[in-house]
Amino acid sequence: MRFLNILANKIFSMLFSWLLEQRVRDTLCGTKALLRWDYERIAANRAVFTMEAGEQHGNPMGTVQGGILCVLADAAMGTAYGSELGEGESLTTLELKINFLRPVRRGKLTAVGEVIKRGQTVGLVECTITDDQGRLVARASCTCLTLRAGEETGGRAVPEEGGA
């Protein structure tokens with residue numbers, strides 16, 4: 001029975017990883033549909049996302065709303081941190097900070113998320129957002145918490161024995 005549980009766990013983890021990759025690449029989840037961002041590259045501890053900022057992302061002053069930049073940075077940082085998670089692990093953001101350095105009205109934005117320090121449970125991730133001329137628009141950092149299945153704090157769901 002233990003072997004079947006381990007096998008089911010492995011299959012579930014592989015399926016979850018595949019579904020996560022498909023969500024990032026192929027689906028229009030709520031934030032992706034709103035921002036129209038896309039990934040350029042996802043590698044170990046690094047993720048590059050782009051989006052075309054337009055009028056629909058603006059605030060009343062006509063510049064891209066800060067929350068839009070924050071979501072873009074969070075997506076890049078979370079994907080970078082998630083790129084090296086093990087089986088049965090997930091993540092959540094504990095804290096996020098962003099500095100807005102240059103106003104943007106329209107154009108291509110590039111967010112590069114990179115893991116700076118990864119511990120067993122907590123990690124530090126940073127992100128730079130640049131405009132289509134390579135100028136720094138915003139800089140963000142976040143603290144991520146690794147969630148493990150079977151812990152009270154969460155983690156990926158594990159199928160129950162005998163359950164569907």
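**Exercise 1.** Which residue in β6 is the bridge partner of isoleucine 129?

*Solution.* The model is a predicted one. Begin with the strands concerned: β5 covers residues 122-130 and β6 covers residues 136-148. These two strands run antiparallel and are joined by nine bridges. Within this ladder, isoleucine 129 is paired with alanine 138 of β6. A second pair in the ladder can then be located: valine 125 has cysteine 142 of β6 as its bridge partner. Finally, consider the connection, a hairpin with five residues between β5 and β6. In its turn, glycine 134 has a positive phi of about 80°.

**Exercise 2.** Determine how β5 is joined to β4, and then place both strands in the sheet.

*Solution.* Eight bridges link β4 to β5, and the two strands run antiparallel. One of the pairs consists of glutamate 114 and glutamate 126, the latter in β5. The connection from β4 to β5 is a hairpin of three residues. The full sheet is open and has six strands, in the order β1-β2-β4-β5-β6-β3, with antiparallel pairing. At its edges lie β1 (37-43) and β3 (89-100), each of which pairs on one side only. From one strand to the next, the twist averages 20°.

**Exercise 3.** Assign the side chains of β5 to the two faces of the strand, and state which face is buried.

*Solution.* Buried is taken here as under 20% relative accessible area. The side chains of β5 alternate along the strand. Gly123, Val125, Cys127 and Ile129 point to one face and are buried. Val122, Leu124, Glu126, Thr128 and Thr130 point to the other face and are not buried.

**Exercise 4.** Relate the buried face of β5 to the largest nonpolar core.

*Solution.* This core has 29 residues, and those touching the most other members are Leu72, Leu109, Val125, Cys127 and Ile129. Val125, Cys127 and Ile129 also belong to the buried face of β5. Two or more core residues come from each of β2 (46-53), α3 (66-82), β4 (107-118), β5 and β6. The largest share, nine residues, is that of α3. The general background is that nonpolar side chains tend to be buried together in soluble globular proteins.

Valine 125 serves as a worked case. With neighbours within four places in sequence left aside, its contacts include Met77, Ala80 and Tyr81. Val115 and Ile116 are also among them, as are Ala140 and Cys142. Cysteine 142 is thus both a contact of valine 125 and its bridge partner in β6.

Terms used:
Residues numbered from 1 in each chain as written. Predicted model: local features only at pLDDT ≥ 70, side-chain atom pairs only at ≥ 80, totals over all residues. Heavy atoms only, no water. Pairing = 2+ DSSP bridges. Helix = DSSP H or I, 4+ residues; strand = E, 2+ residues; numbered from the N terminus. Axes fitted to C-alpha atoms, helices over the stretch in contact; angles between N-to-C directions. Core = buried A, V, L, I, M, F, W, Y, C linked by side-chain atoms within 4.5 Å. Buried < 20%, exposed > 50% of the residue type's maximum accessible area, 1.4 Å probe, protein only. Contact = heavy atoms within 4.5 Å.
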